[in-house]
Amino acid sequence: MTTIRQRRVGKGTEAAEDQPSEETNVKPDGKIPPDPPGGKLWNILSITVGGIVAISLGLLTSVYVATLHENDLWFSNIKEVEREISFRTECGLYYSYYKQMIQAASIQQGLHGLVYDNKTESVRTINILERMNVYQEVFLSILYRILPIQQYLEPVYFYIYTLFGLQAVYVIALYVTSWLLSGTWLSGLLAACWYITNRVDTTRVEFTIPLRENWALPFFAVQIAAITYLLRTHLQPAQERLTLMAVFMATFLFSLTWQFNQFMMLIQALALFTLDCLDMLPTAKVTWLYIIQISGLLLVCVLQFFNSMILGSLLISFNVSVLIARTIQKNLKKGGLLNRLGKLILHVLLVLCLTLLINKLIKKILNLESDEHIFKFLKAKFGFGATRDFDANLYLCEEAFGLLPLNTFSRLSSTLLFYIYGFVLFLLTVAAVIVAFRNLSGSNQVQLKEKMEEYTVTLKPDAAYSLVHTVLFGCLALSTMRMKYLWTSHMCVFASFGLCSTEVWKLILKCLHLYTSQRTQVLKYSVPIITLLYISFKFWPGIMDELSELREFYDPDTVELMNWIKSNTPNTAVFAGSMQLLAGVKLCTGRTLTNHPHYEDKNLRERTKQIYQIYAKRSPSDVHGILRSFGTDYVILEDSICYERRHSRGCRLRDLLDVANGHIMDGLGENEPDLKPSLYPRFCEEIKKNLPSYTAYFTRVFQNKTFHVYKLAKHK
């Protein structure tokens, strides 16, 4: 097991608001009068200061997470094999392709090795660029080869520094989004500070560096910032075109770097669809965003050699359905309240039916089953019937795919983030309901609008999008803990925007009958500054203590295993074992694998279930036959899986296998009535007794406290 042990070592406030409200100072003809010379100079100064603060905070965040990573592992001092083992599970698999490209004789040979790969899955040749999102590793490896930095910087540091550098992009994008929403860079400063002080819940980059989300989320944040700017009113045509280009590039890079991009953008498309139906966003801009999502995903599909999982995604089916439904129902936004509600219900039903029809048709034509495990998991997770499906249960039993733990909210509340977020969310939700009702009622009379504005705040398109975005991604995070990082980072943006928003304070003061323009401005700046001071005084000492705590990587059993494999097995040897361990075997030794953690392929899922029979109750001849069918030369058994205690009964890997095989589970507890006792003992336990029935097929060649390696007999 990998552990971290204690290291043994020898002994200002903002000047002014730079962005005036979009609704003010607009002439009757719709044109914005030019700012006076003094105001323009002040705006330039404020934007310059805000930009410098944004870049500084981004760079500080990069240095912060890089320092934490170094302090936690003593990365600069440990051996190369230990560095590689620290890239756990799928992280190691992705990094192995970067290493493979670096070590290739030429770039062309490296690319050929990825396109025609026969070491990731034994007895199969697969296209890595089609199956996995590893173009970032390819790009980085090529960049490292052509830049004159080899003698100054090791490949692994070039890789991890790039990821830590992307954290700077991430923080700057969050800062800019909050700034655009509120009109003051003080809001961006508060968002960045919340992101850093809530690091445990906003990022995990320092200990899962190569994870796909650490590549993708910075680009997703850039995309949200660009959409926020796009939804502002009074944009010039040139500004709009440049912003659309920025949205497209960010969408494309986000899609290219994460296999789950389609599901995240589907939620984004649902947010756009909801707001468009309620007439809270400009339809033309929403249409462009639908088209950008489709075109970005299709471009990625081409680069991934027409990956069928992308073509069969719900996002493409949904966006196409919306565009078709809109052409069918042209008068959707005309009529009274009841008339429009009726049209909306029909519109939603039409879009839903078209989406399911188009998606089913595409999947039938392409014979697509790569993502079926996700829908099985969702069906079981939300209570639509129990399942014995091994893949679905494998996800259901992982904590990362469970509900968001309640202690998350206590951590977020300690920085005041959750309290302020909840308050702003409530206020803007009320405002959104009022605005939506007014839009659906078709109330265009000037007098009624003026009367409404005396008591409520009009919700700007960018704020409306941010509201629905945070609600939908909040629901995703509550249902699946692993996805909380999409929500908590935007929570920082949303809460800071609300605290620095003129409209929010104006609404609060009007409800209390205390509104004056001066009070609004005082509260808009004083409350965020007080919040920043509170965060600084409370959390600065803790951050300093965290940065001074020194540990080191310590996993001698895995290091011993990897060194033995490199020294005592041929380069062509094929290894079977758990997905997580085999990713490290490929990275550290370059040996061929039978299975691996990238689970988005039906054949691989079926293969993994078969390989995992080493932890089930099967006969030695059955297990040997299964392993040899995949060309296995060596099998690695892990005590931590065979005698697992991390999960409760029913969620241990051996329990999942027993249920899938129709066998009664071990230990005290209930079993389903149709499960039967197995005719054989558990393979991973019985093989260690060296009985003749086992030694005829398997010979133990290595063991330590954690791992047991057996060589398979070649005979049938």
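Helices whose axes cross at an angle that is not under 35 degrees, not over 145 and not from 65 to 115 count as oblique. Keep that definition handy for this tour of a predicted model.

**Stop 1: helix 3 and helix 7**

Select residues 90-103, which form helix 3, and then residues 155-182, which form helix 7. Two packed helices are described by the angle between their axes and the distance between the axes. Here the axes come within 11 Å and cross at roughly 135°. Helix 3 and helix 7 are therefore oblique to each other, and their crossing is right-handed. Now show the side chains where they touch: Y95, Y98 and I102 on helix 3, with P155, V156, F158 and Y159 on helix 7. Which classes of residue make up this contact? Seven are nonpolar, with no polar and no charged residues.

**Stop 2: the largest cavity**

Stay with helix 7 and look for an enclosed space. Rolling a probe the size of a water molecule over the atoms shows where empty space is left. The largest cavity has a volume of about 70 Å³. To see what surrounds this cavity, select Y170, L174, L217, F220, A221, I224, H469, Y485, L486, S489 and H490. Two or more lining residues come from each of helix 7, helix 10 (212-230) and helix 23 (484-499). Colour the lining by class and you will find eight nonpolar residues, three polar ones and no charged ones.

**Stop 3: helix 8 and helix 23**

Keep helix 23 on screen and add helix 8, residues 185-197. The two axes come within 8 Å and cross at roughly 145°, in a right-handed crossing. On the helix 8 side, pick out S187, L190, A191, W194 and Y195. Across from them on helix 23 are S489, C492, V493, A495, S496, F497 and L499. You have met S489 before, in the lining of the largest cavity. This contact has nine nonpolar, three polar and no charged residues.

**Stop 4: helix 26 and helix 27**

For the last stop, select residues 556-568 (helix 26) and residues 579-589 (helix 27). How do these two helices lie relative to each other? Their axes come within 10 Å and cross at roughly 55°, and the helices are therefore oblique to each other. Helix 26 passes helix 27 in a right-handed crossing. Show L561, M562, I565 and K566 from helix 26, then L581, G584, V585, C588 and T589 from helix 27, and you can see where the pair meets. The contact includes six nonpolar residues, two polar and one charged.

Technical notes. Residues numbered from 1 in each chain as written. Predicted model: local features only at pLDDT ≥ 70, side-chain atom pairs only at ≥ 80, totals over all residues. Heavy atoms only, no water. 1 Å grid on protein atoms, 1.4 Å probe; cavity = no way out; pocket = protein on both sides within 12 Å on 5 of 7 lines; lining within 4 Å. Points joined across faces, edges and corners; volume = space filled by probe spheres on them. Helix = DSSP H or I, 4+ residues; strand = E, 2+ residues; numbered from the N terminus. Nonpolar A, V, L, I, M, F, W, Y, C, P; charged D, E, K, R; others polar. Axes fitted to C-alpha atoms, helices over the stretch in contact; angles between N-to-C directions. Left-handed = near helix turned anticlockwise from the far one by under 90°. Contact = heavy atoms within 4.5 Å.
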